[in-house]
Every structure is written in C-alpha cells, then in structure tokens.
Amino acid sequence: MLSFVYDALPSRVIFGAGCLDKLPEEIDRLGASKALVLSTPQQRETAAGIATRLGSRAAGLFDRAAMHVPIEIAHAAREEAGRVGADCCVAVGGGSTTGLAKAIALTSPLPILAIPTSYAGSEMTPIWGLTQEGRKTTGRDTRVLPKVVLYDPTLTLSLPPAFSATSGINAIAHCVEALYAKDANPVISMLAEEGIRALAASLAVIVQDPGNLEARSEALYGSWLGGIALGSVGMALHHKLCHTLGGSFNLPHAETHTVILPHAAAYNASAAPETMLRAARALAAESAGAGLYDLAARLSAPLSLRAIGLHETDLDRAADLAVQNPYYNPRPVTREGVRVLLQNAFDGRRPS
Ligand code: NAD
C-alpha cells in the first residue's frame with residue numbers, strides 16, 4: 001500500500017529557447033536591481049554578454065567559479081558582492097558556478113537566479129558544497145535554493161559533445177538513484193523515469209549533431225527532472241562512491257558518474273528489482289546496468305576508471321573509504337561487494 005512523504009521545493013522555472021530574454025523582468029519580479037553575474041573563466045564571454053544585456057541591473061561580473069567551490073573563491077565572491085552592493089546573483093554556467101552562487105547565499109540574503117548551461121542539476125537542489133584544504137563539506141539549506149531558474153537550451157549548444165554525454169549521464173544518475181531512494185515517492189519516481197527517457201534519447205542525437213536545438217531542449221528538460229529528483233530524495237551507493245572518488249582521488253565529476261553508474265545499478269538490481277526495471281524501460285534496455293553501459297558506449301563516453309585516471313593500487317583504499325560511514329542503500333553495502341564493483345568499474349566490464 002502506498003505510504004510516503006513528499007516535500008516540494010519552491011522554485012520558479014522558466015524553460016524554452018530564448019527565455020534568457022526574460023531575465024531582466026525576473027530580476028525586477030524579485031524586487032532586486034543590482035545583479036552580480038557569476039561564471040567560470042571559460043564562460044566569461046557568455047556571462048559578460050548577459051551582463052551587458054542587463055545594463056544598469058548588472059552590478060558586476062565575477063568570473064572565477066571553479067570545480068567544488070574552493071573556500072578562498074567563495075570568500076572573494078562574497079567580498080565582491082558586498083563591494084559592488086549586489087542584491088541578487090545571476091549564476092551562468094554548470095554546477096561549479098551555481099555552487100559559487102550558493103556559497104554566497106549561504107552567508108547573505110542574496111537570492112539566486114540560475115541559468116544552467118550543463119546538465120548537472122545543482123540549480124534545483126538546496127545542497128551546497130565548499131572545499132577547504134582539499135576536503136569538501138556539503139550540506140542542505142533551503143536558503144541556497146535558486147529562486148528562479150531560466151533554462152534556455154540555446155546556451156547549451158556550446159557544450160562540447162563529450163561533456164554533454166558525461167554531464168547528461170550525471171543527470172541520469174540522479175534519476176536512477178531517486179527511483180530506489182529510501183524516501184522515494186510516486187511523484188519523483190515518475191519524474192525520474194521520464195528524465196532517464198528524455199536524456200537517453202536526446203544525448204544519442206547530441207553527440208552526432210551538437211547543434212540540434214530540439215535534442216538540446218529535450219536533454220535540458222531531462223536534466224531539470226534529474227535536478228528535482230536529486231534535490232527531493234536521498235541518494236545512495238552511486239553518489240557516495242562518486243563523492244569518494246572525486247574527493248579523495250581527484251577524478252572528474254561527470255566522467256566518474258558515467259563510469260560508476262552502470263555498476264551501481266547492477267549492484268542494486270537484485271535488491272530493487274521493480275525500480276530497476278523502470279530504469280531499464282526508460283532506457284529501452286533489458287536491464288538498467290547493461291543499458292547504462294551500452295548508452296555510455298554509444299555516446300563514446302569513458303567506460304572504465306582506468307580511462308579517467310585512477311590507479312589500480314587505489315582500489316583498496318577507495319573501497320575502505322566508501323564503507324567508512326554507514327548510509328542507506330537498497331542492497332547492504334559491504335567492503336567485499338564494493339571492492340568487486342570498483343574492480344569491474346576499473347576494468348570497464350559490461351554488467352551482465
Ligand atoms: P562545471 O560547472 O565545472 O563545468 C565544467 C566546464 O564546462 C566549466 O569550464 C564550465 O564553464 C564549462 N561549461 C559549462 N557549460 C558550458 C557550455 N554550455 N558551453 C561551454 N562550456 C560550458 O561542471 P558540472 O559538471 O556542470 O558541475 C560539477 C560541479 O557541480 C561539481 O563540483 C559537483 O559537485 C557540483 N554539483 C552540485 C550539485 C548540487 O546539488 N549541489 C549537483 C550536481 C553537481
């Protein structure tokens with residue numbers, strides 16, 4: 001019998017090609033008038049274009065966002081927001097830029113308007129992260145949830161095909177783990193299944209034809225659903241493993257998700273058979289693990305931990321770290337089980 005808790009997160013979403021034009025009126029709608037525009041150095045040009053379009057509503061541009069939000073950069077961005085008298089932040093970019101805006105919102109009342117340009121999904125979550133002396137701390141706080149999210153797929157046309165593939169699988173990972181989450185509920189499960197379907201179908205087109213706006217739109221829609229799933233229910237083994245591998249071995253975020261996901265899904269298949277069948281159905285595959293592996297192969301994405309820079313001698317320590325603190329997972333997490341999973345992922349074996 002159904003029994004669940006559903007906690008909806010309040011955010012306003014505007015979706016569609018060209019919706020970036022609505023940014024000035026959205027700033028007005030929040031009662032703000034001086035935006036600090038944030039980006040990475042790589043996306044400075046895009047951010048500067050947006051700042052120019054904002055005219056007097058732009059108070060400044062801070063272009064030093066970096067992966068995992070180093071604390072020094074968070075301090076510098078907070079100072080800049082104060083210096084220019086900003087009353088809101090406009091985050092233009094992927095998870096790193098949204099993460100920087102969240103770091104500002106954590107210690108100030110500045111609302112965030114997020115303009116996501118990758119598929120990471122951070123814009124839909126109240127999860128923040130900060131890295132100090134090589135250690136990443138994360139937490140949940142609704143103050144960091146963006147008030148407005150503008151999804152304009154034209155901004156994703158520049159996302160390179162290889163990163164589109166791994167970033168898209170990162171979003172699929174949010175959906176897969178939402179399906180078997182401890183606090184799964186029917187609404188989020190529906191979104192999650194639809195997210196997998198939309199992403200799997202569109203990514204296959206994007207890697208062949210990165211300028212296909214319809215496929216870009218479908219992928220961004222899927223990543224929105226993945227972001228809702230990530231922000232709404234708890235994650236499990238897959239996200240824990242990726243966090244460990246990223247934090248302790250400095251592996252790239254989206255690529256690590258891409259390699260681990262088929263193996264995490266295969267690990268959990270026997271303990272969550274019905275939900276994994278939903279994932280398989282969304283992938284039009286016989287099983288979720290094999291379907292996810294085949295999708296990554298079709299997208300020419302990395303398939304092994306070896307290919308993304310892990311050393312085989314690190315596998316034992318990675319397994320130790322992954323079982324250090326107990327957490328929910330549909331199938332009990334054992335040192336031995338995780339070690340086998342990691343070896344399969346290291347070798348890039350297709351889950352059977
Ligand atoms: P990213 O934001 O670091 O982006 C990677 C690179 O791609 C950057 O140089 C960026 O400027 C560039 N880029 C992004 N969009 C582009 C586009 N359209 N065209 C050209 N270049 C573009 O990577 P990411 O995978 O989006 O985010 C990863 C980070 O986000 C990690 O630190 C991860 O922990 C965090 N994250 C947080 C949450 C959360 O809920 N808090 C969720 C997902 C990811």
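Me: What makes a residue pair between domain 1 and domain 2 a polar contact, and how many pairs qualify?
Reply: Five residue pairs, with both residues at pLDDT 80 or more, are in polar contact between domain 1 and domain 2. The term requires a pair of N or O atoms within 3.5 Å; within protein, one atom must be able to donate a hydrogen and the other to accept it, and residues adjacent in sequence count only if both atoms are side-chain atoms. This is a predicted model, in which local features need pLDDT of at least 70, side-chain atom pairs count only at pLDDT 80 or more, and totals for chains, interfaces and linings use all residues. Residues are numbered from 1 along each chain as its sequence is written, and side-chain values use heavy atoms, with hydrogens and water left out.

Me: Which strands each supply at least two residues of the side of domain 1 that touches domain 2?
Reply: They are β1 (12–15) and β7 (135–140), strands being DSSP runs of E with at least two residues, and helices runs of H or I with at least four. The largest share, three residues, comes from β7.

Me: Why are zero salt bridges reported across the interface of domain 1 and domain 2?
Reply: A salt bridge needs a side-chain nitrogen of Lys or Arg within 4 Å of a carboxyl oxygen of Asp or Glu, and the rule finds zero such cases across this interface. The structure as a whole holds 16 salt bridges.

Me: Why is the pair Arg12 and Glu26 called a salt bridge?
Reply: The side chains of Arg12 and Glu26 meet at 2.9 Å, N to O, so the pair satisfies the rule. Arg12 lies in strand β1 and Glu26 in helix α1 (residues 23–29), 14 residues apart, and the pair thus links distant parts of the chain.

Me: How many residues of domain 1 and of domain 2 are in contact?
Reply: 22 residues of domain 1 are in contact with 25 residues of domain 2, contact meaning heavy atoms within 4.5 Å. Phe15, Tyr119 and Met124 supply 37% of the area that domain 1 buries against domain 2; buried area is the accessible area (1.4 Å probe) that two parts lose on being put together, summed over both.

Me: What is the distance from an oxygen atom of the ligand to the side chain of Ser96?
Reply: An oxygen atom of the ligand is 2.5 Å from an N or O atom in the side chain of Ser96. A ligand oxygen is also 2.8 Å from a polar backbone atom of Gly95, and a ligand nitrogen is 3.0 Å from one of Leu155.
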